[in-house]
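Hi everyone, thanks for coming. I'd like to walk you through one model this morning, so please have a look at the screen.

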Amino acid sequence: MNYPETIRNLIECYKKLPGIGEKTAERYALASLNLDEDTINLFSNSLIDVKTKIKKCVKCNSFSEDELCEICKNKKRNHKTICVVEEAKNVILFEKIGIYDGLYYVLEGLISPLEGIDPDKIKISKLLERINEEKIEEVIIAVKPSIEGETTALYITRMLKDTGVKVSKIAHGVPLGAEMEYLDSLTLEVALENRNIISS
């Protein structure tokens, strides 16, 4: 006997999440039957809100509910340093460490000639404009240590050559090829503290 269609549909929805297979989706769907009405309403409203209310910050491309994210709006932060990351979720990783007080910039990808991703297809030109307009003094490149990451770091460094902007890169306590989201906070903290100067 199959589950009723309503439960089958919920199982299929859970399977759309990364890392969720048939068995886990089935377990989640059945567990959902035991949730009280308030929790179900919160769950469903949160899903809708994430889709309708979350947008990109106009300055840094990170998650935001307003035109500017909380970090870009915060006047207490160091507005002369920008940490460049690949994805918006990487901002959250660094914020959890709690030792960095500067700004961020999300590239939304890395340069990858083999995949046809050149600098124009990610947000590098907007980054360069922001560095110039806001008189940024240091750029910290915090992308994953891969061929794409190194290519992107090299390109940004070349673009900032002779501008007087100090360019540093997080130290390679981060293993080669590692995905940023799987690194523990101590590894990230050490990498950030021991970042290497690329140019100044």
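Let me start with a question: of the 200 residues of the protein chain, what percentage count as buried? It comes to 38%. Please keep in mind that this is a predicted model. The chain has eight helices and seven strands. As for the contacts with a separation of 6 or more, 58% of them are between residues 24 or more positions apart.

Now to the aromatic rings. A pair of rings is described by how far apart the centres are and by the angle of the planes. How many aromatic pairs does the model have? The count is two. Tyr 14 and Tyr 28 make an edge-to-face pair, with 5.5 Å from centre to centre and 75° between the planes. Tyr 14 sits in helix H1, residues 5-15, and Tyr 28 sits in helix H2, residues 22-32, so this pair ties together parts that are 14 residues apart in sequence. Their surroundings are worth a look too: Tyr 14 has 12% relative accessibility and counts as buried, while Tyr 28, at 36%, counts as partly exposed.

Then there is the pair of Tyr 100 and Tyr 104. Their ring centres are 5.2 Å apart and the planes are at 70°, which is over the 60 degrees required, so this pair is edge-to-face. Tyr 100 and Tyr 104 are both buried.

Next, a helix pair. For two packed helices, the description is the angle between the axes and the distance between them. Helix H6, residues 124-133, packs with helix H7, residues 147-159, at an angle of about 40°, and the axes are 11 Å apart. Why is H6 called oblique to H7? The angle of about 40° falls outside the ranges for roughly parallel, antiparallel and perpendicular, so oblique is the class that remains. The crossing of H6 and H7 is right-handed. Which residues make the contact? On the H6 side they are Ile 124, Leu 127 and Leu 128, and on the H7 side Thr 152, Tyr 155, Ile 156 and Met 159. Sorted by class, that contact has six nonpolar residues, one polar residue and no charged ones.

Staying with these helices, please find Pro 119, in the loop between strand E4 (103-106) and H6. Leaving aside residues up to four places away in sequence, Pro 119 touches Ile 111, Ile 124 and Tyr 155. Ile 124 and Tyr 155 also appear in the contact of H6 with H7. From Pro 119 to Leu 107 it is 12 residues in sequence and 9.9 Å in space, C-alpha to C-alpha.

Let me also show you two backbone angles. Asn 61 has a phi near 70°, a positive value in a residue other than glycine. Asp 162 has a phi near 70° as well, again positive and again not in a glycine. Asn 61 is in the loop between strand E1 (55-56) and strand E2 (63-64), and Asp 162 is in the loop between H7 and strand E6 (166-169). Buried or exposed? Asn 61, at 5% relative accessibility, counts as buried, whereas Asp 162, at 76%, counts as exposed.

One last stop: Val 50, in helix H3, residues 37-53. With 55% relative accessibility, Val 50 counts as exposed. Val 50 and Glu 65 are 15 residues apart along the chain, and their C-alpha atoms are separated by 9.3 Å.

Technical notes:
Residues are numbered from 1 along each chain as its sequence is written. This is a predicted model: local features need pLDDT of at least 70, side-chain atom pairs count only at pLDDT 80 or more; totals for chains, interfaces and linings use all residues. Side-chain values use heavy atoms; hydrogens and water are left out. Rings of Phe, Tyr and Trp (its six-membered ring) pair if their centres lie within 6.5 Å; planes under 30 degrees apart count as stacked, over 60 as edge-to-face and the rest as tilted. Helices (H or I, at least four residues) and strands (E, at least two) are DSSP runs, numbered from the N terminus. Buried means under 20% relative accessible area, exposed over 50%, partly exposed in between (1.4 Å probe, protein chains only). Axes are lines fitted to C-alpha atoms, for helices over the stretch in contact, and angles run from 0 to 180 degrees between N-to-C directions. Angles under 35 degrees count as roughly parallel, over 145 as roughly antiparallel, 65 to 115 as roughly perpendicular and the rest as oblique. A crossing is left-handed if the near helix is turned anticlockwise from the far one by less than a right angle, and right-handed if clockwise. Contact means heavy atoms within 4.5 Å. Ala, Val, Leu, Ile, Met, Phe, Trp, Tyr, Cys and Pro count as nonpolar, Asp, Glu, Lys and Arg as charged, and the others, Gly among them, as polar.
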